[in-house]
Amino acid sequence: MSSSAASILIQSIETYLCRFVGPVLLFIGTIGCLLNLTTFFQKTLRRNPCANYFIAYNTANILYIYFALLFLIVSLGYQIDPTTSSLVLCRLRLYTALLFHSLSQFYLILASVDRVLITSHHALTRRRSTHRLAFISIIIGTIFLIIFHSHALIFPNIIQIIPHVFICNFEQSWEGAFINYYTIFKETLLLLLMIIFGLKSIHNIRNIQHARVAPEESTRATIVDRNTHSTSSKDRQLVLILIGDITMYALFSFIFAIYLIYMQITINVVKTPDRTQIENNLRNVCLFLLNIPCCISFYLNFIISKSFRSEVKKIIVRN
């Protein structure tokens with residue numbers, strides 16, 4: 001297949017994804033995030049500090065969907081892109097997309113750390129999982145990321161990549177190299193941390209199950225044991241939800257990380273217009289795929305977690 005044919009094929013895939021699949025993802029993602037938020041706000045789950053992280057995570061997800069996915073649908077699916085004619089909109093769009101994607105990742109990391117704390121066999125470690133720690137971590141981390149990504153309000157520009165084709169992006173200078181290396185580092189490091197914390201939580205749960213001692217044959221001991229089992233059961237269900245979110249995030253962010261590494265390796269290679277167009281189309285497809293974990297999180301939670309399904313059913317019955 002010639003480079004021209006490959007360019008046309010990938011551009012067609014990009015257009016059809018954004019025009020037909022995009023609106024579907026936008027709809028189910030919006031409904032899913034709202035249902036996730038409603039479910040985690042329920043008293044039975046709200047008592048758990050980890051629910052605060054999932055509430056923040058889904059808030060960032062729905063904002064990312066409307067500042068990233070909606071833009072891709074309009075600009076690539078219907079060729080309406082105001083960011084190539086307005087520098088203010090260009091920088092604002094890149095800033096919000098970077099910010100909300102980073103916040104989503106950050107909140108997932110916090111949830112992973114919380115699950116490691118609460119599943120520890122050390123009582124003092126488990127006590128560190130508190131609502132106070134959750135609120136402080138979320139607020140400080142959010143403020144830091146808002147300030148840290150402010151460079152995206154200054155450096156992006158409207159760039160002509162090939163004749164008559166303009167995109168809103170960082171220029172291939174020091175700021176472009178910085179954002180590429182930063183994104184590669186962030187995607188790789190956060191992915192490793194999520195996997196490590198997720199596996200550690202599973203390991204802790206297995207250790208607790210193996211070390212569980214049979215309750216004494218007394219009414220009081222039986223009540224205490226039942227309460228302990230109930231709490232640990234909810235924690236296990238939240239770990240399952242977390243593992244599901246991490247798995248989906250890892251699957252699609254890994255693709256984007258590979259693309260960024262390739263682009264950085266070939267940054268000094270002289271490229272034909274067709275190759276440049278293909279790389280730009282692949283970038284857009286990767287950015288589109290990054291929205292999938294945000295859009296399917298609720299449906300994955302509903303499938304893998306019995307307690308989550310129970311809470312959703314209660315909400316439906318009440319309404």
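Reader: Leaving aside its neighbours within four places in sequence, which residues is R93 in contact with?

Author: This is a predicted model, in which local features need pLDDT of at least 70, side-chain atom pairs count only at pLDDT 80 or more, and totals for chains, interfaces and linings use all residues. Residues are numbered from 1 along each chain as its sequence is written, and side-chain values use heavy atoms, with hydrogens and water left out. R93 has its place in helix 4, residues 87–118, where helices are DSSP runs of H or I with at least four residues, numbered from the N terminus. Taking contact as heavy atoms within 4.5 Å, the partners of R93 beyond those neighbours are F67, F71, T83 and C168.

Reader: How far away from R93 is the nearest side chain of opposite charge?

Author: R93 is buried, a term for under 20% relative accessible area with a 1.4 Å probe, counting protein chains only. Arg counts as positive and Asp as negative, and a salt bridge needs a side-chain nitrogen of Lys or Arg within 4 Å of a carboxyl oxygen of Asp or Glu. R93 has no salt bridge, as the nearest such side chain, D81, lies at 6.1 Å.

Reader: Why does the span of helix 9 agree with what its residues should give?

Author: The expected span of a helix is 1.5 Å times one less than its number of residues. Helix 9 covers residues 273–289, and 13 of its 17 residues are buried. Its 17 residues should therefore span 24 Å, and the end C-alpha atoms are indeed apart by 24 Å.

Notes. Helices (H or I, at least four residues) and strands (E, at least two) are DSSP runs, numbered from the N terminus. Buried means under 20% relative accessible area, exposed over 50%, partly exposed in between (1.4 Å probe, protein chains only).
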